[in-house]
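Ready to poke around inside a protein? Grab the viewer and work through the exercises at your own pace.

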Amino acid sequence: GIGLWDWNLQTNEIYFSPRWKEMLGYSDEELPSSFASWQDRVHPDDLANAEEAIENNVKGLTSYYQCIHRLQHKNGHWVWIDDRGKTFFDTNGIAIRMVGVHNDITRIKESEAKNHFYARRSAALLEMPSLNETLSESAFMQRSLEIVEDLTHSIVSFIHFVNDDEKTIELVTWSHRTLENYCHAVYDTHYPSAQAGIWADALRQRKAIVVNDYPNFTDKKGLPQGHAPLHRFISLPIIEDGKVVMLCGIGNKTLDYDDQDLETLQFIANETWRLVQRKRNTLKLKEAS
């Protein structure tokens, strides 16, 4: 499963094995055996480090070359590569050849990223009870929205409470980022759910709504004047005792929303509702005693 490469530093000719090319989705005949075949596919954020590591080894500053970087697959996605090699010198100390191997470590990198994400999400959930105790209700809910925005790379989010009739909605809060981006929007804090856009389908259909192409989505009912453009969003209902009690949503992530984003929003929204209700009940007990 390892790809091989062999670079003649004097002629600049380079050999890539069929497996090297296969890692990037190419047949042996499709990809030219040239330095540009590698260089043109390195992720822009990784190219400078990779070229510096090569140069240091060619100059004899390092005993071997190693660089973890991303290469673009034929289909457009990025493949993580552990690239290792060694420069060979002639009797005069001139670099004449560099030989190395490519190893696809994409699954390892994805696993590391997921573990890191799960650790961040767990830490956020563990922090929320103490935030609820120290902040006012509105400040706590805004902080909860900031947490879910950070975890999902969103830039807008909201919380609405749903009245007992499940036909009217109360806007509780938007996140600080939303207020910065939506500051010219004109809105009412209370209104019938029938007048709300497709994000309120989470109430009407009693299920999470995920839209990754809002501009081309049909029957969206539009946005208030002054509302910032909406590209994609998730809206989900919090259901308690058979009734929808709260709607929570996030929007405008750069990439499409996925199952991990939906799961994260569900965790944070559920915990926000639970903690708010617990604090309200505690205050009621104190007032009654």
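Below are some exercises on this predicted model, each with a worked solution.

**Exercise 1. Find the residues that line the largest cavity, and work out which elements they come from.**

Step 1. Start with the count: the structure has one cavity of 30 Å³ or more. The volume of the largest cavity is about 100 Å³.

Step 2. Now pick out the wall. Among the lining residues are Trp-5, Trp-7, Phe-16, Phe-35, Trp-38, Ile-54, Tyr-65 and Met-98. Asp-83 and His-102 belong to the lining too.

Step 3. Sort the lining by class, and you get 10 nonpolar residues, one polar and one charged.

Step 4. Trace the wall back to its elements. At least two lining residues each come from β1 (3-8), β2 (14-16), α2 (35-39) and β5 (95-104).

**Exercise 2. Take Ile-54: is this residue buried or exposed, and what is it in contact with?**

Step 1. Locate Ile-54 in helix α3, which covers residues 44-58.

Step 2. Check the accessibility. Buried means under 20% relative accessible area, and Ile-54 has 11%, so Ile-54 is buried.

Step 3. List the contacts, skipping neighbours within four places in sequence: Ile-54 is in contact with Trp-7, Trp-38, Tyr-65 and Met-98. You've met those names already, since Trp-7, Trp-38, Tyr-65 and Met-98 also line the largest cavity, as does Ile-54.

Step 4. For a sense of scale, jump to Gly-242. Its C-alpha lies 62 Å from that of Ile-54, and the two residues are 188 places apart in sequence.

**Exercise 3. Work out how the rings of Trp-5 and Tyr-65 are arranged, then do the same for Tyr-214 and Phe-233.**

Step 1. These are two of the eight aromatic pairs in the structure. Planes over 60 degrees apart count as edge-to-face.

Step 2. For Trp-5 and Tyr-65, the ring centres are 6.3 Å apart and the planes meet at 75 degrees, so this pair is edge-to-face. Trp-5 sits in strand β1 and Tyr-65 in strand β3 (residues 65-72), so the pair ties together parts 60 residues apart in sequence.

Step 3. Look at how covered the two are. Trp-5 has 6% relative accessibility and counts as buried; Tyr-65, at 1%, counts as buried as well.

Step 4. Over to Tyr-214 and Phe-233: the centres are 6.2 Å apart with planes at 65 degrees, so here too the pair is edge-to-face. Tyr-214 is in the loop between β9 (209-211) and β10, while Phe-233 is in strand β10, so this pair ties together parts 19 residues apart in sequence. Both Tyr-214 and Phe-233 are buried.

Step 5. One more thing to spot: Trp-7, Phe-35 and Trp-38 are linked into a cluster by ring pairs.

**Exercise 4. Find the members of the largest nonpolar core that touch the most other members.**

Step 1. A bit of background: in soluble globular proteins, nonpolar side chains tend to be buried together.

Step 2. The largest nonpolar core has 26 residues, and those touching the most other members are Phe-140, Ile-147, Ile-159, Ile-238, Met-246, Cys-248 and Leu-265. Elements that each supply at least two residues of this core include α4 (106-134), α5 (137-152), β10 (233-240) and α8 (259-288).

Step 3. Zoom in on Leu-265. Not counting residues up to four places away in sequence, Leu-265 touches Val-148, Ile-234, Leu-236, Cys-248, Gly-249 and Ile-250.

Step 4. Don't stop there: a second, separate core has 21 residues, including Phe-16, Leu-31, Ala-53 and Cys-67.

**Exercise 5. Which element gives the most to the lining of the largest pocket?**

Step 1. Begin with the volume, which is about 830 Å³ for the largest pocket. Of the 20 lining residues, Trp-80, Lys-109, Glu-110, Ala-113 and Leu-255 are the closest to the pocket's centre.

Step 2. The candidates giving two or more residues are β4 (78-89), α4, α5 and α8. The winner is α4, with seven residues.

Step 3. Finish with the classes: this lining has nine charged, six nonpolar and five polar residues.

Definitions and conventions: Residues numbered from 1 in each chain as written. Predicted model: local features only at pLDDT ≥ 70, side-chain atom pairs only at ≥ 80, totals over all residues. Heavy atoms only, no water. 1 Å grid on protein atoms, 1.4 Å probe; cavity = no way out; pocket = protein on both sides within 12 Å on 5 of 7 lines; lining within 4 Å. Points joined across faces, edges and corners; volume = space filled by probe spheres on them. Helix = DSSP H or I, 4+ residues; strand = E, 2+ residues; numbered from the N terminus. Nonpolar A, V, L, I, M, F, W, Y, C, P; charged D, E, K, R; others polar. Core = buried A, V, L, I, M, F, W, Y, C linked by side-chain atoms within 4.5 Å. Buried < 20%, exposed > 50% of the residue type's maximum accessible area, 1.4 Å probe, protein only. Contact = heavy atoms within 4.5 Å. Phe/Tyr/Trp six-rings, centres within 6.5 Å; stacked < 30°, edge-to-face > 60°.
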